[in-house]
Amino acid sequence: MTVAVPLLPPADWRDFLALTKPRVMTLVVFTGLCGMLAAPVGIDPVIGFTAILCIALGAGAAGALNQWYEADIDALMRRTQGRPLPAGRMDRQSALHFGVGLAAFSVILMGLAVNLAAAAILTVSILFYVLVYTVWLKRRTPQNIVIGGAAGAFPPLIGWAAATGDVALLPLLLFSLVFLWTPPHFWALALFVKTDYANAGVPMLPVVAGERVTRTQIGLYTIPMAIVAIAPWPLGLTGWIYGAVSVAMTAVFALLALMVATRTQAADDSMKVEKQLFKFSILYLFVMFGALVVDRWVLA
Amino acid sequence: MTPEEQDLIRRRQKSRSVVMAVLLVALVVLIFAITLSRIKLAMT
């Protein structure tokens, strides 16, 4: 028996761009760039640009492969059903080929033009996001974004390795900061898009363990995040500029997290505080990494 | 296939070809710049 498969017109180039999740890429590129600029040694501008380009392409490849694998659940969520695959603007094979090709290209270019250490970490970050987070954890455990958060934490490490060729304590702390920032950031989002995740059968913490547990976990994860965020200053790895900014920004983050942790959702709740925490968490990471670079460049 | 669908396919193919050409030229420029930088770094 033959099954008729509807023929799709070739996907538009904008759909390939959408496959790379450009908005997520912004934060990835920024943290990677800051990791590079915070390194104690300079890097040739062309090589530095290539390293950032490879980080962006690697993140784009991981995003494309994520969308290739998750097309079925993306179709069930309002937030993601407009993406090229669930919307039927692209066939799955094109997305797979694009993702694998882009991943291979970014790693090879990083290895040849920058250095092998940065290429190795970039490879691990892509594989971690696609295999560990997307394929293994996301549909199986509410701890998906806790462990999977490591994937988004690699860029500052890659940026640093691109400049120095190795890894030191400061980039490891930056990795830990993004890693520990991810749970409160995503769980704040998951609190106000809970229905979407539930419809798709994704075991996000609010869906599986309930809202109360999620709020408590947001509060608990903020504690180690705050310690790691401020740690570079007392450890003598940064100057007073990063110290002052990190203390002030982390205090606001902790206050919002505390408000979310101690609040009880009312009927007909607009989730204003949760949305505030989610938005502030994005600003928080931008400002923290920006402060690190300003600190390095002003006080160097 | 309707003329509208054929037209859509032609437009998509054309825009993808243009984007691919731009990316290939950018890649050539990038590889050239990387080569120059590598030579400069090796000499210093």
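**Entry 1: chain B**

I began with burial in chain B of this predicted model, and I noted that buried residues account for 14% of its 44 residues. The secondary structure of chain B, when I looked it up, came to one helix and zero strands. I then took the extent of the C-alpha trace along the principal axes, which for chain B is about 65 × 10 × 5 Å. For the surface I wrote down about 3700 Å² exposed by chain B, with carbon and sulfur atoms supplying 70% of that area.

I picked out Ile9(B), which sits in helix 1 of chain B, a helix that covers residues 3-43. Is Ile9(B) buried or exposed? I found a relative accessibility of 19% for Ile9(B), and because the cut-off for burial is under 20%, Ile9(B) counts as buried. Setting aside the neighbours within four places in sequence, I listed the contacts of Ile9(B) as Pro9(A), Pro10(A) and Met1(B).

**Entry 2: chain A as a whole**

I turned to chain A and counted 13 helices and zero strands; read from the N terminus, every element in the order is α, as the run α-α-α-α-α-α-α-α-α-α-α-α-α shows. The radius of gyration of chain A is 20 Å, close to the 19 Å that the globule rule gives for 300 residues, so I recorded chain A as being as compact as a globular protein of that length. Beside this I put the box that the C-alpha atoms of chain A fill along the principal axes, roughly 70 × 55 × 25 Å.

On burial, I noted that 52% of the 300 residues in chain A are buried. On contacts, I looked at those in chain A between residues at least 6 apart in sequence, and 74% of them join residues at least 24 apart. The accessible surface of chain A comes to about 13100 Å², and 71% of that belongs to carbon and sulfur atoms. On charge, I found 19 positive and 14 negative side chains in chain A, with the centres of the two sets 5 Å apart.

**Entry 3: helix 2 of chain A and what covers it**

I checked the length of helix 2 of chain A, residues 22-37, and its 16 residues reach 22 Å from the first C-alpha to the last, which is close to the 22 Å expected at 1.5 Å a residue. Which residues of helix 2 of chain A are buried? I found Met25(A), Leu27(A), Val28(A), Thr31(A), Gly32(A), Cys34(A), Gly35(A) and Met36(A). I then asked what covers these buried residues, and the cover includes helix 3 (45-69), helix 7 (144-164), helix 8 (169-192) and helix 13 (272-299) of chain A.

From helix 7 of chain A I took Trp160(A), which at 5% relative accessibility counts as buried. Beyond its neighbours within four places in sequence, Trp160(A) is in contact with a list of residues that includes Gly35(A), Met36(A), Ala38(A), Ala39(A) and Pro40(A), and also Gly165(A), Asp166(A), Val167(A), Ala168(A), Leu170(A) and Pro171(A). I also took the C-alpha separation of Trp160(A) and Leu170(A), which are ten residues apart along the chain, and it is 9.2 Å.

From helix 13 of chain A I took Gly290(A), whose contacts, leaving aside neighbours within four places in sequence, are Phe30(A) and Cys34(A). Between the C-alpha atoms of Gly290(A) and Val245(A), 45 residues apart along the chain, I found 9.8 Å.

**Entry 4: positive phi in two loops**

I looked up two residues with unusual entries for phi in my list. Lys21(A), in the loop between helix 1 (13-19) and helix 2 of chain A, has phi near 50°, a positive value in a residue other than glycine. With a relative accessible area of 14%, Lys21(A) is buried.

Met271(A) is placed in the loop between helix 12 (240-262) and helix 13 of chain A, and I found a positive phi of about 55° there although Met271(A) is not a glycine. Its relative accessible area is 5%, and Met271(A) is buried.

**Entry 5: Ala198(A)**

I closed with Ala198(A), which lies in helix 9 of chain A, residues 194-200, and is partly exposed at a relative accessible area of 40%. How far apart are the C-alpha atoms of Ala198(A) and Met77(A)? I found 9.0 Å between them, for residues that are 121 apart along the chain.

Note on methods. Residues are numbered from 1 along each chain as its sequence is written. Chains are lettered from A and ligands numbered from 1 in the order in which they are written. This is a predicted model: local features need pLDDT of at least 70, side-chain atom pairs count only at pLDDT 80 or more; totals for chains, interfaces and linings use all residues. Side-chain values use heavy atoms; hydrogens and water are left out. Helices (H or I, at least four residues) and strands (E, at least two) are DSSP runs, numbered from the N terminus. The radius of gyration is taken over C-alpha atoms; the globule rule is 2.2 Å times the number of residues to the power 0.38. Buried means under 20% relative accessible area, exposed over 50%, partly exposed in between (1.4 Å probe, protein chains only). Contact means heavy atoms within 4.5 Å. Accessible areas come from the Shrake-Rupley method with a 1.4 Å probe; for residues, only the protein chains shown count as cover. Lys and Arg count as positive and Asp and Glu as negative; His and the chain ends are not counted. The place of a charge is taken as NZ of Lys, CZ of Arg, CG of Asp or CD of Glu. The expected span of a helix is 1.5 Å times one less than its number of residues.
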